[in-house]
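Dear colleague,

I am handing over the structure we spoke about, together with some notes on what turned up in it. Please have it open beside you as you read.

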Amino acid sequence: MNDNGKTKKTVIGIETSCDETSVAVMRGDELLSNVISSQIEIHRRFGGVVPEIASRNHLTAILPVITEALEKAGVGLGDIDAVAVTYGAGLVGALLVGVSAAKSLSYALGVPLYAVNHIQAHIAANYIASPELKPPYLAIVASGGHTGVVRVDGYNSFTALGTTSDDAIGEAFDKVARALNLPYPGGPEIDKRAKLGKADIEFISHKKHGPLSYSGLKTAVVNYLHTMEQRGEKVDINDVCASFQKTAVDMLADVAIDAVKSTGADTIVLAGGVAANSYLRAKLKAEGEKRNLKTYFPPMSLCTDNAAMVARRALDMIKEGLPPATLNLNAVSYLPISECYKPQ
Ligand code: KG4
Ligand code: ZN
């Protein structure tokens, strides 16, 4: 590492797991830049992310985004002490663009490469705005690819306590939005419309201790839409959004509260793209106040995919003495939340 006796490491983070090309620079706890080039407009016409198109766009975006992140941070390549990259979970072709760029930088600069688990990075996003936050705590992960409660006992100790039996919560927001002919990504659109509607449609009976099934909830919404169409009855889209959002969030909140009770945790931390949802934030804040729990939420800008969280996660890996990646690092489409990179 370009140590030179420096206590604050300068880390460049790279994130390309889905449809955001992002590069960030952190020096110690300070975020110097976080550039996000989103492909949302490109994928919107297809109603969701097309993996091959995502990979191609990462390829054209990655070098300009690296340059912009360094310029905004006022940092030269020679100042970099370590490179961090998301190596999973995500779309393999998309991940490979970031992994290849990160390997090249690490090799050319002669600095270590850190391979970051995407969900662990989402959780670490909370440390950027709340440096006082420390494990142990319960993380409520709500993203487009993963949903569940994770016990975080240390910076490298992640235990999944409960997870969905099928779709992730963000996936359900996107699929329900598609059934309602709302644009991709569905989460922000449903959040906006839910504020104008009444949450009075019961899609599924509220099974307090049932498994988390977002595919089941999505199917219930689709069945409701078909039944209304067959009966020739008008559907109030805002009411559907409000009712779906309330059910989806309440299901997750129930699982989180059960986990608080069984573990005796006193702190809950929200993570992932759906952490931007206004009802989820309000619900967990209210539950926290009722039960005397400390609650942490990532800032809105760090909820969905970004490289700041990747750089932040790598700083913890460095502090904890986790091994850097070797140059045979590969992208991984499925990666359990508990897994930290091990050199092959
Ligand atoms: O964490 P993320 O950026 O990507 C994955 O790692 O999967 O999450 C993206 C998901 C999408 O499904 C998107 O619809 C959802 O986060 N999302 C929201 C909101 N903003 C983004 N869902 C509900 N309400 C929101 N305000
Ligand atoms: Zn993500």
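Which residues in α7 meet which residues in α8? Before the answer, please bear in mind that this is a predicted model. On the α7 side they are Tyr 214, Leu 217, Val 221, Tyr 224 and Leu 225, and on the α8 side they are Val 240, Phe 244, Thr 247, Ala 248, Met 251 and Leu 252. The axes of these two helices, α7 and α8, come within 11 Å and cross at roughly 160°. Because angles over 145 degrees count as roughly antiparallel, α7 is roughly antiparallel to α8. The crossing of α7 and α8 is right-handed.

Two of the residues just named come up again in the largest nonpolar core, which has 42 residues, and in which Tyr 214 and Phe 244 touch the most other members. At least two residues of this core come from each of β6 (137-142), α5 (169-179), α6 (186-194), α7 (214-231), α8 (237-263), β9 (267-271) and α9 (278-290), and α8 gives the largest share, with twelve residues. If you would like to look around Tyr 214 yourself, its contacts, leaving aside neighbours within four places in sequence, are Thr 147, Thr 164, Asp 166, Asp 167, Ala 168, Ile 169, Ala 172, Ala 248, Met 251 and Leu 252. There is also a second, separate core of 29 residues, which includes Val 35, Val 85, Leu 105 and Leu 113.

Turning to the sheet, you will find that five strands form an open sheet with mixed pairing, in the order β3-β2-β1-β4-β5. Its edge strands, each of which pairs on one side only, are β3 (30-38) and β5 (113-117), and neighbouring strands in this sheet are turned against each other by 20° on average, direction ignored. Strand β4 (residues 82-88) runs parallel to β5 and is joined to it by five bridges; within this pair, Ala 84 has Tyr 114 in β5 as its bridge partner.

Two helices lie across strands of this sheet, and they are perhaps best viewed one after the other. Helix α2 (residues 51-73) lies across β1 (10-15), β2 (20-27) and β3, and runs at about 25° to β2. Helix α3 (residues 92-109), for its part, lies across β1, β4 and β5, and runs at about 160° to β4.

With best wishes

Methods: Residues numbered from 1 in each chain as written. Chains lettered and ligands numbered in written order. Predicted model: local features only at pLDDT ≥ 70, side-chain atom pairs only at ≥ 80, totals over all residues. Heavy atoms only, no water. Pairing = 2+ DSSP bridges. Helix = DSSP H or I, 4+ residues; strand = E, 2+ residues; numbered from the N terminus. Axes fitted to C-alpha atoms, helices over the stretch in contact; angles between N-to-C directions. Contact = heavy atoms within 4.5 Å. Core = buried A, V, L, I, M, F, W, Y, C linked by side-chain atoms within 4.5 Å. Buried < 20%, exposed > 50% of the residue type's maximum accessible area, 1.4 Å probe, protein only. Parallel < 35°, antiparallel > 145°, perpendicular 65-115°, else oblique. Left-handed = near helix turned anticlockwise from the far one by under 90°.
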